[in-house]
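Let's walk through this structure together, starting with one residue in a loop and working inwards from there. Have the viewer open as you read.

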Amino acid sequence: MRYLIYGASGFLGGTIYCKLKSAGHKVIGTYSSNKTNDELVKVDLLDSEATIALYRETQPDVIIWTILNNEVGEIIAEQTLRPLLKELSGCRFIFVSTSVAYEQNMSETVEPLIRTPDMYNYHYFNGKIKAEGFVKGYPNHVIVRPGSIYGIDAYGNYDMRTKQLQEHIQKKEPYIRAKNIRFSIVEVNELTEAIIELSRNDFTGIINVSEEHAISHYDFNVALCKKYNWDASYVAGNFEKENIYYLDNTLRKSILKTKIGMIY
């Protein structure tokens, strides 16, 4: 199969790229500024013509869109993703989204919460929500809503949350994390396997992919310490304004064979 990965220099995109290449597939990956692999193709995602031209040139069987942009996500969705989808003909399109609301056990039918400027990363979340609306109009699509991604990528790099924890431990500084904020998580390699499986089956629609049970920010960091044999005594708990945003995985367990484990 021929794959085109937009965002192949990212934490998730790079892991997908390397796993597909290792499996012998024809894979083209893009980057915008951070070139993690000499084989990647530079594409400015604000340049819709260049983005579409790459699709026309490569004619992939599957496109995997892993773009993460905190500032101009809405612009990319409107200016580039929307016209790209109109150009597609038959190929499978997998869009990696995010948690679109703040609720317990969010099913795939949850009503997205449009963020306001006073809310955390509102451009990012609103860009994903807007993009989902465009993707739904393309017949052969999958929208993956993952939990927060952690782990070690194909290049041996930790995710940002783990890096922050490691830095605090190395400096022997307390790392304060909320005991009452619960969220969904997923390990990067397991998410990668789930996405690759979705690229091969005939499921269309939205699917949550995360570990089955939610975990607090505090317990997550303690579990990371156990996983990497770090000193967990530097992780300190507090209580903040409650913020619950975790996923229902009933559909994922009924459709996918990929096993999603638990961090502890």
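Asn105 counts as partly exposed, because its relative accessibility is 44%; buried means under 20% relative accessible area, exposed over 50%, and partly exposed in between, with a 1.4 Å probe and protein chains only. You will find Asn105 in the loop between β5 and α4, where helices (H or I, at least four residues) and strands (E, at least two) are DSSP runs numbered from the N terminus. The phi angle of Asn105 is near 50°, a positive value in a residue other than glycine.

Before going further, a word on the model: it is predicted, so local features need pLDDT of at least 70 and side-chain atom pairs count only at pLDDT 80 or more, while totals for chains, interfaces and linings use all residues. Residues are numbered from 1 along each chain as its sequence is written, and side-chain values use heavy atoms, with hydrogens and water left out.

A second residue with positive phi is Lys172, which is not glycine either and has a value near 55°. Lys172 sits in the loop between α5 (160-170) and β8 (175-178). Its relative accessibility is 63%, so Lys172 counts as exposed.

Now for the sheet. Strands of a sheet pair through backbone hydrogen bonds, either parallel or antiparallel. Here, an open sheet of seven strands runs in the order β3-β2-β1-β4-β5-β6-β11, with parallel pairing; two strands pair if DSSP finds at least two bridges between them. The edges are β3 (41-42) and β11, each with a single partner strand, so one side of each has no neighbour in the sheet. Even so placed, β11 has five of its five residues buried, so the rest of the structure largely encloses it.

Strand β6 (residues 141-146) is a good place to pause, since six of its six residues are buried. How are its two faces made up? On one side are His141, Ile143 and Arg145, on the other Val142, Val144 and Pro146, and all of these are buried. With strand β5 (residues 92-96), β6 pairs in the parallel sense over four bridges, and Val142 in β6 is the bridge partner of Ile94. Between β5 and β6 the chain passes through helix α4 (residues 122-135), and this β-α-β crossover is right-handed; that is, with the strands pointing away from the viewer, the path from the first strand over the helix to the second runs clockwise.

Strand β6 also pairs with β11 (residues 205-209), in the parallel sense over five bridges. Two of the bridge partners in β11 are Ile206 for Ile143 and Gly205 for Val142. Helix α6 (residues 188-200) lies across β1 (2-6), β4 (62-65), β5, β6 and β11, running at about 155° to β5. That angle uses axes fitted as lines to C-alpha atoms, for helices over the stretch in contact, and runs from 0 to 180 degrees between N-to-C directions.

In strand β4 you can pick out Trp65, which is buried, with a relative accessible area of 3%. Which residues touch Trp65? Leaving aside neighbours within four places in sequence, its contacts (heavy atoms within 4.5 Å) include Tyr6, Leu45, Ile76, Phe93 and Ile94. The C-alpha atoms of Trp65 and Phe93 are separated by 7.6 Å, with their positions 28 residues apart along the chain.

Finally, the aromatic rings. The structure holds ten aromatic pairs; rings of Phe, Tyr and Trp (its six-membered ring) pair if their centres lie within 6.5 Å, with planes under 30 degrees apart counted as stacked, over 60 as edge-to-face and the rest as tilted. Phe183 and Tyr245 have ring centres 6.1 Å apart and planes at 50°, so their pair is tilted. This pair links distant parts of the chain, 62 residues apart: Phe183 is in strand β9 (residues 182-183) and Tyr245 in the loop between β13 (235-238) and α8 (250-255). Both Phe183 and Tyr245 are buried, and they belong to one aromatic cluster with Tyr102, Tyr150 and Phe220. Tyr228 and Trp230 form another tilted pair, at 5.1 Å centre to centre and 35° between the planes, and both are buried.

Charges meet rings too: Arg115 lies over the face of Phe125, at 4.1 Å from the ring centre, and Lys179 over the face of Tyr218, at 4.7 Å. A charge sits over a ring if NZ of Lys or CZ of Arg is within 6 Å of the ring centre and within 35 degrees of the ring normal.
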